[in-house]
Amino acid sequence: MEIKWAPNAFVRLVLPLMAGIMTYLYAGEKLPDLLPAVAGLTLLFIGVQLWATRRPGPAATDAAGLLAVTALYVAGAALTQQATESRAPDHLYRFGRRVEFYRAVVDDYTVTRPATYATTVRVSAVRVAGKWQPARGGIRVSIPREEGVGAPQYGDVWLVRGAPAPSKPPLNPGEFDYRRYLEYHQVYHQQFIHPDQYQKIATAPPSILRATAMRAARVLDGVFRQYVHARREYALASALVLGIKDEVDQETKQAYANTGTTHIMAVSGLQVGLLFGAVTWLLGRLPGRRGPWFRLVTALLGLATIWSYAFLTGLSASVLRAAVMFSFIIIGRASGRQTSMYNLLAAAAFFLLCYDPYLLCDVGFQLSFLAVLSIVYLQPRIARWLQPQAYFLERQRPWQPKAVRKGWQWLGTGLEYVWQATALSLAAQVATFPLGLFYFHQFPLSFLASNLVAVPISSLAVYVGLGLLALKGVVATVGLLSTGAAAALDWLPQLVARVFEWMIWLFNEYIFSIGRLMPGALISGIHLTAPQTWLLFAFILTALMFLRLRRLPWLGIACALLAVLESSRVWAAHQLAPDARLIIYSIPRRSVVGFWQGAAAEVVTVDSLPLTETERTYRIVPGSIQREARQVNHRVGWRGCPVPARVAEPGLTLAAWRGLRVAFVSSRLSLARQPLPGPDAIVLRRNARVKPAELAAIFGTKAPVIFDSSCKSWYVARQDSVLQVAGFQTYDVTARGAFTVQVRQ
């Protein structure tokens, strides 16, 4: 198939740029400074291009094109290199633990959690050895939610005592790599700050525009809080229209994730697209000629609408991404030139990646562009499979009553809408399917039933919610002139708010009912590695090429890719089957041990309390998915556990499993106890008051001593040094992550 590059010029530009970014992400530390290489390649390209214009024939032009691609590839790596803040000579990494105080400004939204506030601060200066000096770096901070402690506000300037710690890697097998996520946002440190450890000394927002936008979003959130009385409906209203999800409970988030409708709660392409569609529809109804001036006015109004909405929603990253994407579409249409949607999407991606190369790592960026790309290509093709409107129009006959003919017409129109929405939903899922498995390890089979009803209702709810905000704005403006008139007009926003609240209740109940009626429609626990995800993408692409070209070699390649993918999964399962290991998990304030054999496990909570759902979800389940576990039993204590364990004395439990012997020590040991056969590990729990000499006398010094997560930091710091002096090897799971012992076959 011949690729037409002329109308898709930006596709040629964005692909090498993305390849360069990915090269730096995988091998960036090994690369020298790339700016001189970019400058040299650019000058060389200009020279070759000038030479090529004077040479007939394609060879010179091809050489200039190849050089341009190479320059863009190196430029992608160079842009990522320059955007990597940790390379700066004054970065926080250079100061280590020598920082006594630092000055920083709150530079992000504040996330409200049950016990803490979390946000990001950007450092401007540090004090080392009594002297202040410039510094830079991002820190993800948490402060406790206590009486008298207010939530951090964007632009607050803090003076903080103490040095932040580098972000921790994942502490348990398969756990989400939060450190890498923060690094992609140029945040390399974390710190829990006590109320007496910091002080607000000024207010200096890094961006006045963003600070104003965030205040506007909170003012509009106050309108929903005032008029939408039910707590759940208010939380969803704010999330749906403004993107503020602070009040959405975990149960609701999980229900939307299980039905494939999480995108409804994220202000992004859906909401911006609805505004774009509304403006286009309204302007299309205006009478008059459609000349260049009309296109210009239409473009300006469209741009003003979507960017005003982006401003009123706080200029969040997701809505900015969608606004840029639709801005290119508007500008492309206004130009009057025949430019393809692929070129417009590539142009939007190109400029976004030039602004921030690390956007390529953002899940929302990946899903948004892949979904739109898939919709543009596949939706018209899927829609052609059925023609319900034409089918029912053919059922009309001249002799039929007018009501019957109208009935056929309305039925055809309604089914046409349903089918078009079905085609759109199917098209979006094709390209995002591999990423959904890779990032979220699940696929909701109920996505079609959920989206066909929830998306139309929620789309109408967006319009009604925006109407409520507009009406409240009118009433507030009237209130500046006459308080009485404003009070008299307040029934209008109250009426709209009731309709708005009812619509939100309706689609929310529908989502929950889908979850109840189709409990088995969620395929979960799927683990794909990065190479397997690329293989799945390659299979989908080659399958689409076969459907497009109808040539058997493409079908053969697709089948071969699918065979390689499935073979890799079978081989991974074969390798895992004999694998047996013991894991001491790192879960704050808990004592948890897992006995894993292939895809089965016994997870024992040595404490008397079971793990919470949150602890299971974030600490245990990722490792289970990674091993594609089929049977994981959670035990509270040793009762009912098939792993042999006996209480040798109060405070000492001995467990034996597949040749491994583990001693769990939680209190003083009896001085009269006889020496025991050397265990493979000694686990200290609950700040066990034991002396190195006692441990050595009973167990010997060959077995490593593990401090589990129930041990306090002061206890670990005190015991660690004395145990090492006595000849023990020590391991702290809180600081270093889960401790694993593999069973020798």
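**Entry 1: ground rules**

Helices (H or I, at least four residues) and strands (E, at least two) are DSSP runs in these notes, and I number them from the N terminus. I am working with a predicted model, where local features need pLDDT of at least 70 and side-chain atom pairs count only at pLDDT 80 or more, while totals for chains, interfaces and linings use all residues. Residue numbers start from 1 along each chain as its sequence is written, and side-chain values use heavy atoms, with hydrogens and water left out.

**Entry 2: the whole chain**

I started with an inventory and found 23 helices and 22 strands in the protein chain. Along the principal axes, the C-alpha atoms fill a box of roughly 105 × 80 × 70 Å. Next I asked what percentage of the 745 residues is buried. The figure is 43%, with buried meaning under 20% relative accessible area, exposed over 50% and partly exposed in between (1.4 Å probe, protein chains only). I also looked at contacts (heavy atoms within 4.5 Å). Of those with a separation of 6 or more, 67% are between residues 24 or more positions apart.

**Entry 3: strand 3 and its partners**

I then went to strand 3 (residues 116-128), where 10 of the 13 residues are buried, so the rest of the structure largely encloses this strand. For pairing I require that DSSP finds at least two bridges between two strands. As a reminder to myself, strands of a sheet pair through backbone hydrogen bonds, either parallel or antiparallel.

Which strands pair with strand 3, and over how many bridges? My list reads as follows.

- Strand 1 (residues 99-106) runs antiparallel to strand 3 and is joined to it by seven bridges; Val-99 has Val-128 as its bridge partner.
- Strand 2 (residues 111-112) is antiparallel too, with two bridges to strand 3. Here Val-111 bridges to Ala-118, and three residues separate the two strands of this hairpin.
- Strand 4 (residues 131-134) is joined to strand 3 by four bridges in the antiparallel sense, with Trp-132 as the bridge partner of Arg-127. These two strands make a hairpin with two residues between them, and in it Ala-129 takes a positive phi near 55°.
- Strand 5 (residues 138-144) pairs antiparallel with strand 3 over seven bridges, and Val-121 finds its bridge partner in Ile-139.

**Entry 4: a five-stranded open sheet**

Further along the chain I traced an open sheet of five strands in the order 15-14-13-12-22, with mixed pairing. Strand 15 (631-636) and strand 22 (739-742) each have a single partner strand, so at these two edges one side is left without a neighbour in the sheet. Neighbouring strands are turned by 15° against each other on average, direction ignored; for such angles, axes are lines fitted to C-alpha atoms, for helices over the stretch in contact, and values run from 0 to 180 degrees between N-to-C directions.

Inside this sheet, strand 12 (residues 580-584) and strand 13 (residues 592-597) run antiparallel and are joined by five bridges. I noted Gly-594 of strand 13 as the bridge partner of Ile-583. Helix 20 (residues 613-626) packs on the sheet, touching strand 13, strand 14 (600-605) and strand 15, and its direction makes about 145° with that of strand 15.

**Entry 5: positive phi values**

I checked where Glu-628 sits, and it is in the loop between helix 20 and strand 15. Its phi is near 50°, a positive value in a residue other than glycine. Buried or exposed? Glu-628 counts as partly exposed, at 21% relative accessibility. Arg-658 likewise has a positive phi near 50°, and I located this arginine in the loop between strand 17 (652-657) and strand 18 (660-665).

**Entry 6: the second largest pocket, and Thr-80**

A pocket here is an open set of points on a 1 Å grid over the protein atoms alone, where a 1.4 Å probe fits, with protein on both sides within 12 Å along at least five of seven lines; lining residues have an atom within 4 Å of a point. The second largest one has a volume of about 490 Å³, taken as the space filled by probe spheres set on the points, which are joined across faces, edges and corners.

I counted 16 lining residues, with Tyr-24, Glu-29, Thr-84, Glu-183 and Tyr-358 nearest the centre. Helix 1 (9-27) and helix 4 (178-184) are the elements that give two or more residues to the lining, and helix 1 gives the largest share, four residues. By class I get eight nonpolar, four polar and four charged residues, where Ala, Val, Leu, Ile, Met, Phe, Trp, Tyr, Cys and Pro count as nonpolar, Asp, Glu, Lys and Arg as charged, and the others, Gly among them, as polar.

Last, I looked up Thr-80, which belongs to helix 3 (residues 58-83). Thr-80 counts as buried, at 0% relative accessibility. Beyond its neighbours within four places in sequence, Thr-80 is in contact with Ile-21, Tyr-24, Leu-25, Pro-357 and Tyr-358.
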